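Got your viewer ready? Let's walk through this one selection at a time, beginning with a single residue and working outward.

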Amino acid sequence: MKKIDWFFSIFLIIMGLTCLLFSANAFGHESFFAFGRILFKVCMWAACPGVLVGSLYLWFHYRNKG
Amino acid sequence: MTINRIGLKLGAAVLVLMIVVLVSSGLAVDRLFTNFYDAQMKDNTQEVAAHFVTMAESNDTSSQSMIRAFAKFSSVRVFWLTDEGKILTFPGEKQPDLSFIRARDTERLHSGRSIAFQNYDRHGNRFYVIGKPVRIGKNTRSAIYIVSSMKKIDDSLQRLRNLLMLSGLGAFLLALGMILIMSKLLSRPLLQMQQMTNKMAKGNWETRLQVRSRDEIGMLGHSINDLAASLQRYRDTRRAFFSNISHELRTPVTYLQGYAKVLKDGLVDSDKEKKQYLSIIYQESIRLEHLINDLFALSKIEEGQIKLNMEWMDLKTTIKTAVQKVKLKAEEKRLSLQLDLHDHVPLIRGDHKRMEQVLLNLLENAIRYTEKGSVLVRLTTTKEATVLSVSDTGIGISEEELPYIFERFYRVEKSRAREYGGTGLGLSIVKKFVEMQGGTVRIDSQIGVGTTFTLIFTHEKKQKRGGMS
């Protein structure tokens, strides 16, 4: 995958998360900064499985090579 | 951003699935909320209406004003219907819009039955109407209408609907981003295979795929790699074959041309020399004929055009016939041709003609590469198989050369190939014919001691092939 593919995909994922988060917090009347903080947290949690899978893949890859 | 067709199809399929799920679940959630709020509001209004009726039935003079005060707190409107069918109004109160009151409902109320329905005003706002009879004593003298506006609920539902759509859009974008990654990752090996097969189609068969997965796609990648290797091997062997064949054909033709020219130009000094040259021309033409016959036989075998005439045959007879044919050659070289044929060797199923050709090739080879000593043909039987071996006391074959001995045009003594004669195709033909008849060929050799070719025809295989003919 090229960098532009990754960029476009991650951009869409973040946009999707923003929409979901906005609708989830619509009745909460959060401030813009609070919303940004929550969005950052959610993005980090969303990235966790990706980081975990990537780490496991690298670990298996180098272990098999070794 | 590059978009490939397989990725697009994969992504589109998942996306359509996602849209179907989102739309259907969105509709279900929308109906769930709408029905829940409606039911809640209707229950509340029924409850309020029941209270108002109780108050009205107390027949207190202050009950009308009390009901209106409670109605104000409960955000509902109350209309009092007299037994004459008129709506009571307080002094100074505006005449309300009573278009929702229908004659048949009034009749029902006066007959003591309740009514409830949903209606719309001029502006399209929903409202819920409950009509309840007021019984004083045993008679129904009047009734009350309770009208509850559903505007607040509709506004809340609309907001909820908008948020649901936003959530749906969010889920859609999230899925789209993930589908992009997934479709790229899933379609990548297929694209690599497509690129590789394209290269193969253009003749680049050295190219190989880096296969990492062990699933069906990985297996497909391995198969493509195997196919490329086979094609490469085929091309290499074909090149080698053409190179060999041109060399093998050119050599006798050169001899024929050279000696024929000498004779034509009269460059011979004596009759003896002339006879010698004519003898060479004859031998080379024989050699050329053998070469062409062998090539023809081999190509027919490889194309699968040779049909074997399978029948029960006695190997002893075949051996004796073949030995008889090469006896003269062995005697010319003063070699002892020995037979060791065991009794009670069972018949085997095979093609008599092809089996004789196999034996002739093996015997001629043995005589060709043996200068002194003997050639022994042995026929034995074991529990599992019938074993036929041809042994010689010739020059032998080195261990390194044994794996290549059945390859076309492979020669053990390359430098003395012409001296020994032969076409270089005999053993290839032997192997092919034996395998076609369900047997196997084994070779044991030692340099300077001799070589033994063993043909093994297992009884089991023989029985399995019993139906073939």
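Start by selecting Thr458(B), which sits in strand β12 of chain B. Keep in mind throughout that you are looking at a predicted model. Is Thr458(B) buried or exposed? Neither label quite fits: with 17 C-beta neighbours inside 10 Å, Thr458(B) counts as partly exposed, because buried status takes 20 or more and exposed status 12 or fewer.

Now show what surrounds this threonine. Setting aside neighbours within four places in sequence, Thr458(B) is in contact with Glu384(B) and Ala385(B). Add Lys383(B) to the selection too: 75 residues separate Lys383(B) from Thr458(B) in sequence, yet their C-alpha atoms are 8.9 Å apart in space.

**The five-stranded sheet**

Widen the view to the sheet. In chain B, an open sheet of 5 strands with mixed pairing runs in the order β7-β9-β10-β12-β11. Colour its edges next: β7 (336-341) and β11 (440-446) of chain B each pair on one side only. Ignoring direction, neighbouring strands of this sheet are turned by 10° against each other on average.

Zoom in on two of the inner strands. β9 (residues 374-381) and β10 (residues 385-392) of chain B are paired in the antiparallel sense over 7 bridges. For one facing pair, pick Leu379(B), which stands opposite Leu388(B) in β10(B).

Which helix packs on the sheet and touches β9, β10 and β12 (450-458) of chain B? Select α8 (residues 352-368) of chain B; the direction of α8(B) makes about 25° with that of β10(B). Then select helix α7 (residues 315-332) of chain B, which lies across β7, β9 and β10 of chain B and runs at about 175° to β7(B).

**Two nonpolar cores**

Next, display side chains for the largest nonpolar core, which has 28 residues. The members that touch the most other members are Val358(B), Leu359(B), Leu362(B), Leu363(B), Ala366(B), Val390(B) and Val430(B). At least two residues of this core come from each of α7, α8, β9, β10, α10 (426-436) and β12 of chain B. The most generous contributor is α8(B), with 7 residues.

Apart from this core lies another, of 20 residues, including Tyr128(B), Ile144(B), Val147(B) and Met150(B).

Go back to Leu363(B) for a closer look. Beyond residues up to four places away in sequence, Leu363(B) touches Ala322(B), Val323(B), Val326(B), Val375(B) and Val390(B).

**A largely enclosed helix**

Select α10(B). Why is α10(B) described as largely enclosed by the rest of the structure? Because 9 of its 11 residues are buried. Those residues are Gly426(B), Leu427(B), Ser428(B), Ile429(B), Val430(B), Lys431(B), Lys432(B), Phe433(B) and Val434(B). To see what they pack against, show α6 (271-303), α8, β11 and β12 of chain B. Just after α10(B), click on Gly438(B), which takes a positive phi of about 80°.

**A hairpin**

Move to β3 (residues 115-120) and β4 (residues 126-136) of chain B, an antiparallel pair joined over 6 bridges. β3(B) and β4(B) form a hairpin with 5 residues between them. In the turn, Gly124(B) has a positive phi of about 85°. Across the pair, Ala116(B) stands opposite Ile130(B) in β4(B).

**Annotated spans and the second chain**

Select residues 163-186 of chain B, listed by UniProt as "transmembrane region" in an unreviewed entry. This span of chain B is 100% helix, and its end C-alpha atoms lie 33 Å apart.

Now switch to chain A, where the secondary structure comes to 2 helices and 0 strands. Of the 66 residues in chain A, 12% are buried. Here the UniProt annotation "transmembrane region" (unreviewed entry) covers residues 38-60 of chain A. Residues 38-60 of chain A are 100% helix, with end C-alpha atoms 34 Å apart.

Where the chains meet, 17 residues of chain A are in contact with 16 residues of chain B. The chain A side of that contact has 12 nonpolar, 3 polar and 2 charged residues.

**Zooming out**

Finish with all of chain B in view, with its 11 helices and 12 strands. Of its 469 residues, 22% count as buried. Among contacts in chain B with a separation of 6 or more, 66% link residues 24 or more positions apart.

Conventions: Residues are numbered from 1 along each chain as its sequence is written. Chains are lettered from A and ligands numbered from 1 in the order in which they are written. This is a predicted model: local features need pLDDT of at least 70, side-chain atom pairs count only at pLDDT 80 or more; totals for chains, interfaces and linings use all residues. Two residues are in contact if their C-beta atoms, placed from the backbone, lie within 7 Å. Ala, Val, Leu, Ile, Met, Phe, Trp, Tyr, Cys and Pro count as nonpolar, Asp, Glu, Lys and Arg as charged, and the others, Gly among them, as polar. Helices (H or I, at least four residues) and strands (E, at least two) are DSSP runs, numbered from the N terminus. Two strands pair if DSSP finds at least two bridges between them. Axes are lines fitted to C-alpha atoms, for helices over the stretch in contact, and angles run from 0 to 180 degrees between N-to-C directions. UniProt positions are given in the numbering used here, feature names are shortened, and annotations may be inferred rather than shown by experiment. A nonpolar core is a set of buried Ala, Val, Leu, Ile, Met, Phe, Trp, Tyr and Cys residues joined through C-beta atoms within 7 Å.
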